[in-house]
Amino acid sequence: MQASELEFFKEILESRKEQIEKNINGVNDELNGLSSLELNDEGDHASVNNNSMVESAIVEQQQKELNEILVALGKISKGGYGICEMCEDEIGFQRLKVKPHAVYCIDCREIAEKSKK
């Protein structure tokens, strides 16, 4: 992969990393705010609990994506970015444009997903 392509993906990954960190911090602040509310009835409690569960699921998913982004940024700095972890071929440029933190090429991604089921 050319240096200009690596820089392109590094910028995308760093921008997404920053966005996710802001999202996670915002959700955590919101959850802390919800826990300090004075709730008057069971409906209020149910609503807050439901919101907390949804927000927690979102944070969990974003934390997973953040971890994948950190791995990808590490690979850029060490020279292994864009290489499939399964077959060790290059991951296609178009695939990386869609998911810059991808660890598998298209073919291996399908194999990995089938083996999870």
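A cavity here is a set of grid points where a 1.4 Å probe fits but cannot get out. With that in hand I went through this predicted model.

**Entry 1, the cavity**

I looked for enclosed space and found one cavity of 30 Å³ or more. The volume of the largest cavity comes to about 50 Å³. I then listed what lines this cavity: E68, V71, A72, K75, Y81, G82, I83, I91, H101, A102 and V103. Sorted by class, that lining holds seven nonpolar, two polar and two charged residues.

**Entry 2, the pocket**

Next I went for open space. The largest pocket has a volume of about 350 Å³. I counted 14 residues in its lining, and K64, E68, K99, V103 and K116 are the closest to the pocket centre. Two elements each give two or more residues to this lining, namely α2 (42–78) and α4 (106–116). The class split for the pocket is eight charged, four nonpolar and two polar. I noted that E68 and V103 turn up in the pocket lining and also in the cavity lining.

**Entry 3, the core**

Which residues touch the most other members of the largest nonpolar core? I got L13, Y81 and L96, out of 18 residues in that core. Helices α1 and α2 each supply two or more residues to this core, and α2 gives the most, with six. As background, nonpolar side chains in soluble globular proteins tend to be buried together.

I followed L96 further. Leaving aside neighbours within four places in sequence, L96 is in contact with M1, F9, Y81, G82, I91 and A102. Among these partners, Y81, G82, I91 and A102 are also on my list for the cavity lining.

**Entry 4, E14**

I checked E14, which sits in helix α1 (residues 3–35). Is E14 buried, partly exposed or exposed? E14 counts as partly exposed because its relative accessible area is 39%, and that class runs between the 20% and 50% cut-offs. I also took the C-alpha distance from E14 to I69: 8.1 Å in space, with their positions 55 residues apart in sequence.

**Entry 5, E88**

Last stop was a backbone angle. E88 has a phi near 65°, which is positive in a residue other than glycine. Where does E88 lie? I placed E88 in the loop between α2 and α3 (93–98). E88 has a relative accessible area of 62%, so I put it down as exposed; the cut-off for that class is over 50%.

Note on methods. Residues numbered from 1 in each chain as written. Predicted model: local features only at pLDDT ≥ 70, side-chain atom pairs only at ≥ 80, totals over all residues. Heavy atoms only, no water. 1 Å grid on protein atoms, 1.4 Å probe; cavity = no way out; pocket = protein on both sides within 12 Å on 5 of 7 lines; lining within 4 Å. Points joined across faces, edges and corners; volume = space filled by probe spheres on them. Nonpolar A, V, L, I, M, F, W, Y, C, P; charged D, E, K, R; others polar. Buried < 20%, exposed > 50% of the residue type's maximum accessible area, 1.4 Å probe, protein only. Core = buried A, V, L, I, M, F, W, Y, C linked by side-chain atoms within 4.5 Å. Contact = heavy atoms within 4.5 Å.
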